[in-house]
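Hello,

I am handing over the structure we discussed, with notes on what turned up in it. Please look it over before the notes below.

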Amino acid sequence: QVQLVESGGGLVQAGGSLRLSCAASGSTFNINLIDWYRQAPGKQRELVAGISTGGTTNLIDSVKGRFTVSRDSAVNTVYLQMNSLKYEDTAVYYCHTKGLEGLPPRMFNYWGQGTQVTVSS
């Protein structure tokens, strides 16, 4: 199985920066894509960014130009660099991945425990 652990959240003023980390362990050889999601109070969980093992990245429009997703394969870690933070970025941020395990193969979803990001005025 895969275990994901997020870190790096905290309190920051609007305009500030945070770097979130998602460390993967376990059967990491099965990981093809790691996504960042966030969930603000009263809102649906939404995809924020993703990065594949091939280096393909994606970002939603609201964070383009401010956030960057990257990876360090040496330590099985994905990062979300968040700059120019806004109040509306306040949310619990989760990393997520999918994998196939067993015979016959079955799909599994893996989620981290989440890390709180709070942006103040």
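Which residue of S10 stands opposite Leu 100? The residue is Met 107. Please keep in mind throughout that this is a predicted model.

Strands around S9

Leu 100 and Met 107 belong to the pairing of S9 with strand S10 (residues 106–111), which is antiparallel and has six bridges. The two strands make a hairpin, and four residues lie between them. One residue of the turn, Gly 102, has a positive phi of about 80°.

S9 has further partners. Strand S4 (residues 33–39) is joined to S9 (residues 91–101) by six bridges, and the two run antiparallel. In that pair, Ile 34 is placed opposite Thr 97 of S9. Strand S11 (residues 115–120) also runs antiparallel to S9, with three bridges between them. There, Tyr 93 faces Thr 115 of S11.

The four-stranded sheet

An open sheet is built from four strands in the order S1-S3-S8-S7, and its pairing is antiparallel. S1 (2–7) and S7 (67–72) are the edge strands; each has a single partner, so one side of each has no neighbour in the sheet. On average, neighbouring strands of this sheet are turned by 15° against each other, ignoring direction. As for the pair at one end of the order, S7 and strand S8 (residues 77–82) are antiparallel and connected by six bridges. Asp 72 sits opposite Thr 77 of S8.

Three buried residues

Ile 34 is part of strand S4. Its relative accessible area is 5%, so Ile 34 counts as buried, the cut-off being under 20%. Setting aside residues up to four places away in sequence, Ile 34 touches Cys 22, Ala 49, Gly 50, Ile 51, Val 78, Cys 95, His 96 and Thr 97. Thr 97 is thus listed among the contacts of Ile 34 and is also the residue opposite Ile 34 in S9. Gly 112 is 78 residues from Ile 34 along the chain, and their C-alpha atoms are 11 Å apart.

Arg 38 is likewise found in S4. Is Arg 38 buried or exposed? With a relative accessible area of 6%, Arg 38 is buried. The side chain of Arg 38 makes a polar contact with the side chain of Glu 46 at 2.8 Å. Another polar contact, at 2.9 Å, links the side chains of Arg 38 and Tyr 93.

Val 48 lies in strand S5 (residues 46–52). Val 48 is buried, with a relative accessible area of 0%. Leaving out residues up to four places away in sequence, the residues touched by Val 48 include Trp 36, Tyr 37, Arg 38, Leu 59, Ile 60, Phe 67, Leu 80 and Tyr 93. Arg 38 and Tyr 93, both on that list, are the two residues whose side chains meet at 2.9 Å. Ser 25 is 23 residues from Val 48 in sequence, and the C-alpha to C-alpha distance is 22 Å.

The largest pocket

The largest pocket holds about 250 Å³ of space. It is lined by 16 residues, and those closest to its centre are Ile 31, Thr 53, Arg 71, Ser 73 and Asn 76. At least two lining residues come from each of strand S3 (18–26), S4, S5, S7 and S8.

Regards

Note on methods. Residues numbered from 1 in each chain as written. Predicted model: local features only at pLDDT ≥ 70, side-chain atom pairs only at ≥ 80, totals over all residues. Heavy atoms only, no water. Pairing = 2+ DSSP bridges. Axes fitted to C-alpha atoms, helices over the stretch in contact; angles between N-to-C directions. Buried < 20%, exposed > 50% of the residue type's maximum accessible area, 1.4 Å probe, protein only. Contact = heavy atoms within 4.5 Å. Polar contact = N/O pair within 3.5 Å; in protein donor to acceptor, adjacent residues only side chain to side chain. 1 Å grid on protein atoms, 1.4 Å probe; cavity = no way out; pocket = protein on both sides within 12 Å on 5 of 7 lines; lining within 4 Å. Points joined across faces, edges and corners; volume = space filled by probe spheres on them.
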